[in-house]
Amino acid sequence: MNLASGASTLEVMEGAHRYNRWIFDRVRGGLGQRVLEIGCGTGTITSFMVDRQLVVGIDVSPEMLREAQTRGNDRARLALMDGTRTAFREGVFDAALCIGTLEGMADLGPAFREVARLLKPGGRFVFTSFNVHRLRPCGTYRLGPDTRDHSLPALEAALDGAGLRLVRFHGTFFLSPGFVWRYHGALRWTALRRPYIAAVVAVNRLLDDAAATRRRCGQFVLLAEKRPAGSS
Ligand SMILES: C[S@@+](CC[C@H](N)C(=O)[O-])C[C@H]1O[C@@H](n2cnc3c(N)ncnc32)[C@H](O)[C@@H]1O
C-alpha cells in the first residue's frame, strides 16, 4: 500500500466524522469485549471502541500509530505489528476488525489465517473490501496504486480456506467514496465542503443495502465467524 496516499485519503475522510461513524455502525454488531483492530491507521474507528474491556489497534506504519495516539485513544493499546503475523497468543480475541486495510494486500490468505488463529471459537471478524463489480461510472477510487478489489465469491473462498465462515454482508457506497475524495480537495477551503460530504453520505445511506447496492456497491462490509474446531 502507498502509505502517503493512504494517509491523505484518511485525512480527507477524517473531515467527515459522520462517514467514520457510519462505517462503524455497519460493523459494530457482534463485536465482543476484546477487540483487535488490524490496520487501525490514525485511530478514528479505534476511538469508537475505547469503552470495551480490551481494544488493541495494530498498524505497520509508525506515523499512523503516532497520529492514533493523539486522538483520544489512550485507553486503547496501540502496537506496531503486521496483521499477517502478529505476536499475540492464539484465541485471545472475541473479534477482529479490519477496515479499509485488506485492499493493500495481494493475498488475503495470510491475513485471514492469522485472524482465525487469534479469534476464540465462534469469534467474529468484521472487515471491508472494495467490490470488483462496483458501478464504475460512479467514480473510481484507489487507496494506493496497488489497491485490490475483490468479488464476494473470492472473499468467501478465502475465508473458507482460513477456517472462517461468511455470516452476512452489507453493500455500501452505491456512489463510491470517490465522490467524497475526488471533489473534496477542490472544495476543501470553501463553505461547500461539509454540505458536499453530508449530501454524499445521505444519498448512500438512502441506498445502503438496496438490492442493486448489494450487487454493484463500491464496498462490502462483511461479518464472518470462526468455525468451531473440527467442523468443515
Ligand atoms: C486506509 S488505512 C485505514 C485505517 C483505519 N482502519 C480507518 O478506517 O480509518 C489502512 C491502514 O492499514 C495499514 N496496514 C496496511 N497493511 C497492513 C498490515 N499488513 N498490517 C497492519 N496494518 C496494515 C496501513 O498502514 C494503514 O494505516
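**Entry 1: the sheet**

I took two strands as paired if DSSP finds at least two bridges between them. The model I examined is a predicted one. With that criterion I traced an open sheet of 7 strands, in which the pairing is mixed and the order reads β3-β2-β1-β4-β5-β7-β6. I then looked at the edges, where β3 (77-80) and β6 (164-172) each have a single partner strand, so one side of each has no neighbour in the sheet. From one strand to the next, I noted an average twist of 15°.

I also recorded the overall content: the protein has 8 helices and 7 strands. Its chain has 232 residues, of which 42% count as buried. Among contacts with a separation of 6 or more, 74% are between residues 24 or more positions apart.

**Entry 2: β1, β2 and β3**

I followed the pairing from β1 towards the edge strand β3. β1 and β2 run parallel and are joined by 5 bridges. In this pair I found Leu36 opposite Val56 of β2. Strand β2 (residues 54-59) also pairs with β3, again in the parallel sense, over 4 bridges. On that side Val56 stands opposite Arg77 in β3, and Ile58 has Ala79 of β3 as its bridge partner.

I asked how many of the residues of β2 are buried. The count is 5 of 6, and I therefore entered β2 as mostly covered, a residue being buried if 20 or more other C-beta atoms lie within 10 Å of its own.

**Entry 3: helix α3**

I next inspected the connection between β2 and β3. Together, β2, α3 and β3 form a right-handed β-α-β unit. In helix α3 (residues 62-69) I listed Met64, Leu65, Glu67 and Ala68 as the buried residues. They lie on the same side of α3, because the arc they cover around the axis is only 160°. The cover over these buried residues includes β2 and β3. On the face turned away from the buried side I found the exposed residues Pro62 and Arg66.

**Entry 4: helix α4 and the nonpolar core**

I turned to the largest nonpolar core, which has 52 residues. Which of its members touch the most others? I found these to be Ala96, Leu97, Phe112, Val126 and Leu222. The element that gives the most to this core is α4, with 6 residues.

I then checked one of these residues, Leu97, for contacts beyond its neighbours within four places in sequence. The partners of Leu97 are Val27, Leu31, Val35, Glu37 and Val126.

For the placement of α4 I returned to the sheet, with its strand order β3-β2-β1-β4-β5-β7-β6. Helix α4 (residues 108-118) packs on this sheet and touches β1 (34-38), β4 (93-98), β5 (119-130), β6 and β7 (219-226). The direction of α4 makes about 150° with that of β5.

**Entry 5: Asp209**

Finally, I looked up a backbone angle. Asp209 is not a glycine, yet its phi is positive, at about 70°. I located Asp209 in the loop between α7 (193-207) and α8 (211-216). Is Asp209 buried, exposed or partly exposed? I counted 15 other C-beta atoms within 10 Å of Asp209, so I entered this residue as partly exposed. The class follows because exposed residues have 12 or fewer such atoms and buried residues have 20 or more.

Key. Residues numbered from 1 in each chain as written. Predicted model: local features only at pLDDT ≥ 70, side-chain atom pairs only at ≥ 80, totals over all residues. Helix = DSSP H or I, 4+ residues; strand = E, 2+ residues; numbered from the N terminus. Axes fitted to C-alpha atoms, helices over the stretch in contact; angles between N-to-C directions. Contact = placed C-beta atoms within 7 Å. Arc of directions from axis to C-beta. Right-handed = clockwise from strand over helix to strand, strands pointing away. Core = buried A, V, L, I, M, F, W, Y, C linked by C-beta atoms within 7 Å.
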